[in-house]
Amino acid sequence: DAPFMAKVLRKKGIKPDLIISSTALRALDFAKIIAEELDYSRKKIIATKDLYMADERKMLEILRSADDSLNTVFIIGHNPYITEFANSLCNHNLDNIPTSGIFCMEFHVKKWNEINPGTGKFVSFDYPKKF
């Protein structure tokens with residue numbers, strides 16, 4: 001499903017300035033497929049063990065550490081934590097972000113470290129079974 005979901009992102013014109021992924025094999029493979037489809041250098045993917053079993057606090061810390069020159073950051077993590085994180089950031093009530101699911105939100109902040117729970121605005125949620 002990853003190549004298909006990467007094409008969904010391409011059709012929407014969503015491209016990353018930064019991809020941060022868990023080092024877990026499946027997550028990193030997904031990151032590489034997304035990167036290839038969206039013309040993002042696989043060498044620029046930041047793979048971190050910190051996203052494996054990361055709670056909401058840790059994911060927020062990782063997101064806040066992004067360089068302020070970047071506009072679009074992809075975080076590729078694991079459930080249930082990634083779903084809880086997405087819900088927290090934009091006060092959404094999603095049960096589950098499935099494998100290869102893509103949850104998009106936007107923030108109206110000048111610096112990544114200004115992001116807090118509830119500051120995100122839901123944009124879209126796509127997943128393989130939706131299509």
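Trainee: Is D39 buried or exposed?
Mentor: This is a predicted model, and D39 lies in its loop between α2 (25-37) and β2. Its relative accessibility is 59%. The cut-off for exposed is over 50%. At 59%, therefore, D39 counts as exposed.

Trainee: What is the phi of D39?
Mentor: D39 is not a glycine. Even so, its phi is positive. The value is about 55 degrees.

Trainee: Which residue in the loop between β2 and α3 (56-64) has a positive phi?
Mentor: The residue is not a glycine, and its phi is about 65 degrees. At 46% relative accessibility, it counts as partly exposed. The residue found in that loop is M53.

Trainee: Which residues does the cis peptide bond with omega of about 5 degrees join?
Mentor: One partner, P80, is found in the loop between β3 (73-76) and α4. The bond is cis, with omega of about 5 degrees. The residues joined are N79 and P80.

Trainee: In what order do the elements of the protein chain run?
Mentor: The chain has 4 helices and 5 strands. Start from the N terminus. The order is α-β-α-β-α-β-α-β-β.

Trainee: What radius of gyration does the protein chain have?
Mentor: The C-alpha trace spans about 30 × 30 × 30 Å along its principal axes. For 131 residues, a compact globule would have a radius of gyration near 14 Å. The chain agrees with that, at 13 Å.

Trainee: Among contacts between residues at least 6 apart in sequence, what percentage joins residues at least 24 apart?
Mentor: Take the protein chain and its contacts between residues at least 6 apart in sequence. Then pick out those that join residues at least 24 apart. They make up 67%.

Trainee: What percentage of the residues in the protein chain is buried?
Mentor: The count runs over the 131 residues of the chain. Buried means under 20% relative accessible area. The buried residues make up 46%.

Trainee: What share of the exposed area do carbon and sulfur atoms supply?
Mentor: The protein chain exposes about 7700 Å². Carbon and sulfur atoms supply part of that area. Their share is 49%.

Trainee: How far apart are the mean positions of the positive and negative charges?
Mentor: The protein chain has 19 positive charges and 17 negative charges. Each set has its mean position. The two mean positions are apart by 4 Å.

Trainee: Which residues does S88 touch, not counting those up to four places away in sequence?
Mentor: S88 is found in helix α4 (residues 81-90). With a relative accessible area of 14%, S88 is buried. Its contacts are E56, P117 and G118.

Trainee: Which residues does T48 touch, again not counting those up to four places away in sequence?
Mentor: T48 is found in strand β2 (residues 46-48). Its relative accessible area is 16%, so T48 is buried. It touches I20, S21, S22 and T23.

Trainee: How far apart in space are T48 and L70?
Mentor: In sequence, T48 and L70 are 22 residues apart. The distance in space is taken C-alpha to C-alpha. It is 19 Å.

Trainee: How many aromatic pairs does the structure hold, and what is the geometry of F4 and F131?
Mentor: The structure holds 4 aromatic pairs. F4 and F131 form a pair with 5.3 Å centre to centre and 70 degrees between the planes. Planes over 60 degrees apart count as edge-to-face. The F4 and F131 pair is therefore edge-to-face.

Trainee: How many residues apart in sequence are the parts that F4 and F131 tie together?
Mentor: F4 lies in helix α1 (residues 2-12), and F131 in the segment after β5 (120-126). F4 counts as partly exposed at 39% relative accessibility. F131 counts as exposed at 53%. The parts tied together are apart in sequence by 127 residues.

Trainee: What kind of aromatic pair do F103 and F122 form?
Mentor: F103 in strand β4 (residues 102-107) and F122 in strand β5 are 19 residues apart, and the pair links distant parts of the chain. F103 counts as buried at 15% relative accessibility, whereas F122 is partly exposed at 32%. The rings lie 5.4 Å centre to centre, with 50 degrees between the planes. The pair is tilted.

Trainee: Which residues form one aromatic cluster?
Mentor: F103 and F122 already form an aromatic pair. Both belong to the cluster. The cluster is F103, F122, F125 and Y127.

Note on methods. Residues are numbered from 1 along each chain as its sequence is written. This is a predicted model: local features need pLDDT of at least 70, side-chain atom pairs count only at pLDDT 80 or more; totals for chains, interfaces and linings use all residues. Side-chain values use heavy atoms; hydrogens and water are left out. Rings of Phe, Tyr and Trp (its six-membered ring) pair if their centres lie within 6.5 Å; planes under 30 degrees apart count as stacked, over 60 as edge-to-face and the rest as tilted. Helices (H or I, at least four residues) and strands (E, at least two) are DSSP runs, numbered from the N terminus. Buried means under 20% relative accessible area, exposed over 50%, partly exposed in between (1.4 Å probe, protein chains only). The radius of gyration is taken over C-alpha atoms; the globule rule is 2.2 Å times the number of residues to the power 0.38. Contact means heavy atoms within 4.5 Å. Accessible areas come from the Shrake-Rupley method with a 1.4 Å probe; for residues, only the protein chains shown count as cover. Lys and Arg count as positive and Asp and Glu as negative; His and the chain ends are not counted. The place of a charge is taken as NZ of Lys, CZ of Arg, CG of Asp or CD of Glu.
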